[in-house]
Amino acid sequence: MPVVSDPRVIAAMQAVPRHCFVPTNYLDQAYNDHPLPIGYGQTISQPSLVAMMTEMLDLQPGERVLEIGTGSGYQAAILREITDQVYTIEIIPELAGTARRLFEALGYGDIHTLRGDGYYGWWEYAPFDAIIVTAAPDHVPAPLVAQLSPNGGRMVIPVGPPGGYQSLWLIERHGEDVTMQRLFDVLFVPFTRE
Ligand code: SAH
């Protein structure tokens, strides 16, 4: 697995209070390096994986980033520490609502949130310099590739069968040229569809 060395990623990990994003009954485990349940069968990802995926995105200040799978909102807050152009989509209404309120409370109120099926991306704000998918589909959604910036857009996405390990991929787009690099194996909750 890659080492996290980008100072911006390290600073973001230090800045975001993870305990605010975990349910109160798991507070004592908020800073342990493992995923935790957030209700509705979903989880907040383990911090080291959040850091590595953010590092792989190579996000620069001012760049526009789209996250699919808001969940607790933790990953989106990490992204917001690096750039002020964060867009995040969550399919489960309750989680989308809770994250929205938490962003407001923690000073991340300018994160753009949407309740919907992230398979289709967010055309209104495309293209995105970076796209991060935090649930695992069994194939790369074509609309997301289409919404990736042709000027070196990057996407980090786990792809694989639900219920098993998936491969994490780094996809890069230059013009109509799309390259895919397999990074390492991960375990994510399934990408669901409406
Ligand atoms: N990034 C989150 C991880 C949440 S787990 C965090 O930092 O906490 C993955 C989330 O993806 C779940 O909340 C799940 O409901 C959501 N999800 C699954 N399929 C989706 C889809 N098609 N569109 C949007 N969100 C989806």
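**The ligand shell and selected residues**

Modeller: Sorted by class, the shell around the ligand holds eleven nonpolar, twelve polar and three charged residues. In this sorting Ala, Val, Leu, Ile, Met, Phe, Trp, Tyr, Cys and Pro count as nonpolar, Asp, Glu, Lys and Arg as charged, and the others, Gly among them, as polar. The model is a predicted one, in which local features need pLDDT of at least 70 and side-chain atom pairs count only at pLDDT 80 or more, whereas totals for chains, interfaces and linings use all residues. Residues are numbered from 1 along each chain as its sequence is written, and side-chain values use heavy atoms, with hydrogens and water left out.

Colleague: Which residues surround the ligand most closely, and how many surround it in total?

Modeller: There are 26 residues around the ligand, and the closest are Glu-67, Ser-72, Glu-90, Gly-118 and Thr-192. A residue is near a molecule or strand if one of its heavy atoms lies within 4 Å of it.

Colleague: What makes the approach of Ser-72 to the ligand a polar contact?

Modeller: A polar contact is a pair of N or O atoms within 3.5 Å; within protein, one must be able to donate a hydrogen and the other to accept it, and residues adjacent in sequence count only if both atoms are side-chain atoms. An oxygen atom of the ligand lies 2.6 Å from a side-chain N or O atom of Ser-72, so the pair qualifies. The side chain of Glu-90 likewise has an N or O atom 2.6 Å from a ligand oxygen, and a polar backbone atom of Gly-118 is 2.8 Å from a ligand nitrogen.

Colleague: What share of the ligand's area does the protein bury?

Modeller: The protein buries 99% of the 580 Å² that the ligand exposes when taken alone. These areas come from the Shrake-Rupley method with a 1.4 Å probe; for residues, only the protein chains shown count as cover.

Colleague: Which elements give two or more residues to the shell?

Modeller: They are β2 (42-44), β3 (64-68), α3 (74-82) and β4 (85-90). Helices (H or I, at least four residues) and strands (E, at least two) are DSSP runs, numbered from the N terminus. The most comes from β2, with three residues.

Colleague: Why is Asp-117 called buried?

Modeller: Buried means under 20% relative accessible area, exposed over 50%, and partly exposed in between (1.4 Å probe, protein chains only). Asp-117 has 10%, and is therefore buried. Its place is in the loop between β5 (112-115) and β6 (130-133). The side chain of Asp-117 has a polar atom 3.0 Å from the backbone nitrogen of Tyr-119, and reaches the backbone nitrogen of Glu-194 at 3.2 Å.

Colleague: Why is Asp-58 called partly exposed?

Modeller: Its relative accessible area is 40%, which falls between the two limits, and the label therefore follows. Asp-58 lies in the loop between α2 (47-57) and β3, and has a positive phi near 55° although it is not glycine. Most residues other than glycine have a negative phi.

Colleague: Why is Ser-167 called buried?

Modeller: At 12%, its relative accessible area is under the limit for buried residues, so the term applies. Ser-167 is in strand β8 (residues 166-174). Its side chain makes polar contacts with the side chains of Arg-182 (3.1 Å) and Asp-185 (3.4 Å).
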